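Please walk through the model below with the sequence at hand, going from the packing of helices to single residues in strands and loops.

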Amino acid sequence: MNIFEILGPVMVGPSSSHTAGAVRIGLMTRKLLGQKPVQAKIGMYGSFLATGKGHGTDKAVIAGLLGMHPDDIRIPKSLELAEKEGLAFSFEEANLRSAHPNTVLVEVTGDQGRELSVQASSLGGGRIMINRLDGIDVNCTCEMPTLIVHNMDQPGHVAEVTSMLSHKSVNIANMSLYRDKRGGRAVMVVETDQDIPQEALKWLEHLEGILKVTYINVGGE
């Protein structure tokens, strides 16, 4: 156990799980979307639904969608700020099964029309886990440089991604593969030890059968 796990994150709000974690879920959703969010439907589940309002979980998720971090002093006013920035939002109960008690389902639309569905949970200490992306089960924290590739479930895509990373001298730390059905849609989640060059990401985007490429490097912000 390190000192961060004992003291928790630097944050605004009463709870590392219900507030700091919720901000990070909103912020990660914004990064995954890759656009400025203009509409969000937020489903609360479990403890988030039961006690989240008292902990400011609703304000925290919206703050993250606006690009704020857990230590941003504007978090208590995020709902008002969202209206000023043109972010329309609504809250409801999420109908989920066997999810983590601190779970939120965010369905968001960007200012360029991109849509995304993110189910994520807050694990405590401000740490989060992305559980589902666009209806496909995944498990990633995005704490390391993370490449997320949505593609058709066809032969060759894994080889294309791994060959590209090898060519750019990027080492794979963890790699997970998910799909909704055989021959349907698939997702690759690749955590790496090094940053991935932008030109390599653009190359991937133009490959046949690649639906969407998202890259997150929190440490490289």
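In this predicted model, the crossing of helices H6 and H7 is right-handed. The contact between the two is built from Glu160, Val161 and Met164 on the side of H6, and from Ala200, Trp203 and Leu204 on the side of H7. Sorted by character, the residues of this contact comprise five that are nonpolar, one that is charged and none that is polar. Two packed helices are described by the angle between their axes and the distance between the axes. Here H6, which covers residues 157-167, and H7, which covers residues 198-205, pack at an angle of about 165°, and their axes are 11 Å apart. Because angles over 145 degrees count as roughly antiparallel, H6 and H7 are roughly antiparallel to each other.

Beyond the end of H6, the chain enters a loop that leads to strand E8 (172-179), and Ser169 is placed in this loop. Ser169 is a residue other than glycine, yet its phi is positive, near 60°. With a relative accessibility of 60%, Ser169 counts as exposed.

Asp134 also has a positive phi without being a glycine, in this case of about 50°. Its place is the loop that joins strand E5 (127-133) to strand E6 (136-140). The relative accessible area of Asp134 is 21%, and the residue is therefore partly exposed, since buried means under 20%.

A positive phi is also found after helix H4, which is followed by Gly67 with a phi near 100°. Helix H4 itself, made of residues 57-65, is mostly covered, with eight of its nine residues buried. The buried residues are Thr57, Asp58, Ala60, Val61, Ile62, Ala63, Gly64 and Leu65.

Leu65 appears again among the contacts of Ala40, a residue placed in strand E1 (residues 37-46). Is Ala40 buried or exposed? Its relative accessible area is 2%, so Ala40 is buried. Neighbours within four places in sequence aside, Ala40 touches Leu65, Leu87, Ala88, Phe89, Ser90, Glu107 and Val108. One of these partners, Ala88, is 48 residues away from Ala40 in sequence, while the C-alpha atoms of the two are 6.3 Å apart in space.

Another of the partners of Ala40 is Phe89, which brings the reader to the aromatic rings. A pair of aromatic rings is described by the distance of the centres and the angle of the planes. The structure holds one aromatic pair. It is formed by Phe89 and Phe91, whose ring centres are 5.8 Å apart and whose planes make an angle of 70°, an edge-to-face arrangement. Phe89 is partly exposed at a relative accessible area of 26%, and Phe91 likewise counts as partly exposed, at 34%.

The last stop is Pro101, which is placed in the loop between strand E2 (88-93) and strand E3 (102-110). At 46% relative accessibility, Pro101 counts as partly exposed. Which residues does Pro101 contact, once its neighbours within four places in sequence are left aside? They are Tyr45, Gly46, Ser47 and Phe48. Pro101 can also be set against Asp137, which is 36 residues apart from it along the chain, with a separation of 17 Å between the C-alpha atoms.

Note on methods. Residues numbered from 1 in each chain as written. Predicted model: local features only at pLDDT ≥ 70, side-chain atom pairs only at ≥ 80, totals over all residues. Heavy atoms only, no water. Phe/Tyr/Trp six-rings, centres within 6.5 Å; stacked < 30°, edge-to-face > 60°. Buried < 20%, exposed > 50% of the residue type's maximum accessible area, 1.4 Å probe, protein only. Axes fitted to C-alpha atoms, helices over the stretch in contact; angles between N-to-C directions. Helix = DSSP H or I, 4+ residues; strand = E, 2+ residues; numbered from the N terminus. Parallel < 35°, antiparallel > 145°, perpendicular 65-115°, else oblique. Left-handed = near helix turned anticlockwise from the far one by under 90°. Contact = heavy atoms within 4.5 Å. Nonpolar A, V, L, I, M, F, W, Y, C, P; charged D, E, K, R; others polar.
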